[in-house]
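Here is a short tour for a first-time reader. Keep the structure open beside the text and look up each residue as it is named.

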Amino acid sequence: RIEDYLALHTESIALLEEATQIENCRFPGDLREGIDLLLPHLGKLRQSARLLQLQSILDAHRGDYDLAAQRCITILKLARALDNEPILISALVTISIEALACGQIEILVTSGHVSDEQLQALTAALQQADVDRLILRAMVGERCFIHGIFQDSETLAGAFSFGGGSVNRAALSVWRGTGLVDIDHSCAL
């Protein structure tokens with residue numbers, strides 16, 4: 001079944017391998033949209049990582065462990081595509097893609113059939129992962145989004161509700177006038 005499925009996606013896999021050679025890529029999106037920013041590429045990247053994982057499984061099944069390891073490196077490079085997105089969900093998707101690659105790498109390495117050269121290449125690819133920097137960048141971005149919500153009355157009114165309805169202008173002005181918005185802003189940050 002995997003073979004039949006991957007036969008339908010041969011061109012996609014080749015394009016993914018080519019695309020992961022691009023460094024410092026950026027996906028379309030305007031961060032000024034704040035909490036309304038759509039990130040459709042995240043699902044596609046996860047799907048692409050799973051496709052590459054299946055290809056790695058098939059390569060290993062066929063006895064080509066070095067090629068299977070190379071697919072794992074491609075998965076890790078795919079995760080690097082999100083390194084510059086200062087958004088928490090992007091960081092979490094990066095981590096999940098890296099975890100997917102690590103699981104497959106574990107299977108390959110414990111098989112004992114991966115060459116020393118590929119082990120070194122896998123090690124180098126794994127060392128590129130910098131979760132601390134990734135999360136720091138994401139948290140800075142999230143703080144900017146939070147700050148944007150509290151600075152714009154329309155966004156604030158839409159983001160928070162009382163009793164199931166939107167905050168009306170009178171309630172929002174009372175909320176601001178009492179200083180509660182500033183307290184909530186500080187707490188959110």
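## Start with helix α5

This is a predicted model. Begin at Ile 95, which is found in helix α5. Ile 95 is partly exposed, because its relative accessibility is 31%. Ile 97 is also placed in helix α5. Ile 97 counts as buried because its relative accessible area is 0%. So one helix holds a partly exposed isoleucine, Ile 95, and a buried one, Ile 97.

Ile 97 also has a partner far off in the sequence. Gln 53 is 44 residues away along the chain, yet the two C-alpha atoms are 10.0 Å apart in space.

## A nonpolar patch on the surface

Which residues make the nonpolar surface patch? They are Ile 89, Leu 92, Ile 95 and Val 131. The patch covers about 300 Å². Helix α5, residues 88-111, gives the most to it, with 3 residues.

Ile 95 can join such a patch because patches take residues with over 30% relative accessible area, and Ile 95 has 31%.

## Salt bridges

How many salt bridges does the structure hold? The count is 7. One of them joins the side chains of Glu 17 and Arg 71, with N and O 2.2 Å apart. This pair links distant parts of the chain. Glu 17 sits in helix α2 and Arg 71 in helix α4, 54 residues apart. The two ends differ in exposure. Glu 17 is partly exposed, at 26% relative accessible area, whereas Arg 71 is buried, at 11%.

Another bridge pairs Arg 32 with Asp 30. Their closest N and O atoms are 2.9 Å apart. Arg 32 is exposed, with 75% relative accessible area. Asp 30 is partly exposed, with 29%.

## A network of charges

Now return to helix α5 for Glu 98. Its side chain meets that of Arg 80 in a salt bridge, 2.4 Å from N to O. Glu 98 lies in helix α5 and Arg 80 in helix α4, so the bridge ties together parts 18 residues apart in sequence. Are these two residues buried or exposed? Both Glu 98 and Arg 80 are buried.

The pair does not stand alone. Salt bridges with shared partners join Arg 80, Asp 83, Glu 98 and Arg 133 into one network.

## The largest pocket

The largest pocket holds about 540 Å³ of space. It is lined by 21 residues, and those closest to its centre are Thr 20, Ile 22, Lys 77, Arg 80 and Ala 81. Arg 80 therefore has two roles in this picture: it is among the residues closest to the pocket centre, and it belongs to the salt-bridge network.

Which helices each supply at least two residues of the lining? They are α2 (10-19), α3 (40-61) and α4 (65-80). The largest share comes from α4, with 5 residues.

## Two loops

Asn 24 lies in the loop between α2 and α3. Its phi is near 55°, a positive value in a residue other than glycine. Asn 24 is exposed, because its relative accessible area is 67%.

Glu 85 lies in the loop between α4 and α5. Is Glu 85 buried or exposed? It counts as buried, because its relative accessibility is 12%. Phe 27 is 58 residues from Glu 85 in sequence, but the two are 8.6 Å apart in space, C-alpha to C-alpha.

## Cysteines without a bond

A disulfide is a covalent bond between the sulfur atoms of two cysteines. How many does a search of the whole structure find? It finds 0 disulfides.

Why is Cys 144 not bonded to Cys 187? The closest cysteine sulfur to that of Cys 144 is in Cys 187, and at 19 Å it is too far for a bond. The view from Cys 187 agrees, with its closest cysteine sulfur in Cys 144, 19 Å away. A disulfide needs the two sulfur atoms within 2.5 Å. Cys 187 itself is exposed, because its relative accessibility is 63%.

Methods: Residues are numbered from 1 along each chain as its sequence is written. This is a predicted model: local features need pLDDT of at least 70, side-chain atom pairs count only at pLDDT 80 or more; totals for chains, interfaces and linings use all residues. Side-chain values use heavy atoms; hydrogens and water are left out. Patches are made of residues with over 30% relative accessible area and no salt bridge: like charges are joined within 9 Å, nonpolar side chains (Val, Leu, Ile, Met, Phe, Trp, Tyr) within 5 Å. Accessible areas come from the Shrake-Rupley method with a 1.4 Å probe; for residues, only the protein chains shown count as cover. A salt bridge is a side-chain nitrogen of Lys or Arg within 4 Å of a carboxyl oxygen of Asp or Glu. Helices (H or I, at least four residues) and strands (E, at least two) are DSSP runs, numbered from the N terminus. Buried means under 20% relative accessible area, exposed over 50%, partly exposed in between (1.4 Å probe, protein chains only). On a 1 Å grid over the protein atoms alone, a cavity is a set of points where a 1.4 Å probe fits but cannot get out, and a pocket is an open set with protein on both sides within 12 Å along at least five of seven lines; lining residues have an atom within 4 Å of a point. Grid points are joined across faces, edges and corners, and a volume is the space filled by probe spheres set on the points.
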